[in-house]
Amino acid sequence: MTRGRTTMRYTLLLHYPELMAEGELDEAAIQEGQRAFQEYATALADAGVLIGADVLAPSSATTQVTRKAGELQVQDGPFADTREALGGRFLIDVADLDQALEWAAKAPSVTWGTVEVRPVGTWFDLDSRHWQVDPQAT
């Protein structure tokens, strides 16, 4: 971590119904959602706070890996019986929680799902090849 760091990383976890995977959205609605997320990601990037973003495949594509009693177990998903699923995430670097909440409120999916704002406490730095700890996250 850089000494004197004045910003903090937050992950915006997007939870929403998997309507696209269930075939409940028409093509126009899908395109509108894609346009809205494109504008949102561009605004984050233009503000200089975006570190990364991902849209996840439907939960039906999930595979779970665990080790029980020393034996590797691989199981196809989905696993949670819930209306909403984790659909994607944005990783941002902002001054504080208030700024993270402001960006979360602008996420297109906030109107049809939940945006969970979670501080990032530790991350793996690719340049140094070491874990970095943010003391502000505790």
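**Figure 1. Confidence and overall layout of the predicted model.** Among the elements of the protein, helix 3 comes out with the highest mean pLDDT, 97, while helix 1 (residues 19–22) has the lowest, 61. Keep in mind that everything shown here is a predicted model. Averaged over the protein, pLDDT is 86, and 88% of the residues score at least 70. There are 3 helices and 8 strands to find your way around. Walking along the sequence, you meet them as β-α-α-β-β-β-β-α-β-β-β. Of the 138 residues, 30% count as buried. Long-range contacts feature heavily: among contacts with a separation of 6 or more, 72% are between residues 24 or more positions apart.

**Figure 2. Helix 3 has a buried side and an exposed side.** This close-up takes in residues 97–105, with Ala100, Trp103 and Ala104 as the buried residues. Look down the helix axis and those buried residues fall within an arc of 105°, so they line one face of helix 3. The general rule is handy here: an α-helix has 3.6 residues a turn, so residues three or four places apart point the same way. On the face turned away from the buried side sit Asp98 and Ala105, both exposed. What do the buried residues of helix 3 pack against? Their partners are strand 1 (8–17), helix 2 (27–46), strand 5 (84–94) and strand 6 (114–119).

**Figure 3. The two ends of helix 3, seen through a few side chains.** At the start of the helix, a side-chain oxygen of aspartate 96 reaches to within 3.2 Å of the backbone nitrogen of aspartate 98. Now shift to tryptophan 103, one of the buried residues of helix 3. Lysine 106 lies over the face of the tryptophan 103 ring, at 4.6 Å from the ring centre.

**Figure 4. An aromatic cluster with phenylalanine 90 in two of its pairs.** The model has 6 aromatic pairs. Start with phenylalanine 37 and phenylalanine 90: their ring centres are 6.4 Å apart and their planes sit at 10°, so this pair is stacked. Phenylalanine 37 comes from helix 2 and phenylalanine 90 from strand 5, so to speak distant parts of the chain, 53 residues apart, linked by the pair. Both of these phenylalanines are buried. Next, bring in tyrosine 40, whose ring centre is 5.0 Å from that of phenylalanine 90, with the planes at 80°, so this pair is edge-to-face. Tyrosine 40 lies in helix 2 and phenylalanine 90 in strand 5, so the pair ties together parts that are 50 residues apart in sequence. Tyrosine 40 and phenylalanine 90 are both buried. Zoom out a little, and ring pairs link Tyr16, Phe37, Tyr40, Phe90, Trp103 and Trp112 into a cluster.

**Figure 5. The surroundings of leucine 91.** Leucine 91 belongs to strand 5. Is this residue buried or exposed? With a relative accessible area of 14%, leucine 91 is buried. Which residues does leucine 91 touch, leaving aside its neighbours within four places in sequence? The list runs to Arg9, Tyr10, Thr11, Val49, Leu50, Ile51, Gly52 and Val120. Take valine 120 from that set: it sits 29 residues from leucine 91 along the chain, and their C-alpha atoms are separated by 8.8 Å.

**Figure 6. Glutamine 132 and its serine partner.** Look in strand 8 (residues 130–133) to find glutamine 132. Glutamine 132 has a relative accessible area of 12%, so the residue counts as buried. Its side chain makes a polar contact of 3.4 Å with the side chain of serine 128.

**Figure 7. Positive phi at alanine 69 and arginine 129.** Alanine 69 is in the loop between strand 3 (63–68) and strand 4 (71–76). Its phi is near 50°, a positive value in a residue other than glycine. Alanine 69 counts as exposed, at 86% relative accessibility. Arginine 129 turns up in the loop between strand 7 (122–125) and strand 8. Here phi is near 60°, again positive in a residue other than glycine. Arginine 129 is exposed too, with a relative accessible area of 55%.

Conventions: Residues are numbered from 1 along each chain as its sequence is written. Side-chain values use heavy atoms; hydrogens and water are left out. Buried means under 20% relative accessible area, exposed over 50%, partly exposed in between (1.4 Å probe, protein chains only). Helices (H or I, at least four residues) and strands (E, at least two) are DSSP runs, numbered from the N terminus. The arc is that of the directions from the helix axis to the C-beta atoms. Contact means heavy atoms within 4.5 Å. A polar contact is a pair of N or O atoms within 3.5 Å; within protein, one must be able to donate a hydrogen and the other to accept it, and residues adjacent in sequence count only if both atoms are side-chain atoms. Rings of Phe, Tyr and Trp (its six-membered ring) pair if their centres lie within 6.5 Å; planes under 30 degrees apart count as stacked, over 60 as edge-to-face and the rest as tilted. A charge sits over a ring if NZ of Lys or CZ of Arg is within 6 Å of the ring centre and within 35 degrees of the ring normal. pLDDT is the predictor's confidence in each residue, from 0 to 100.
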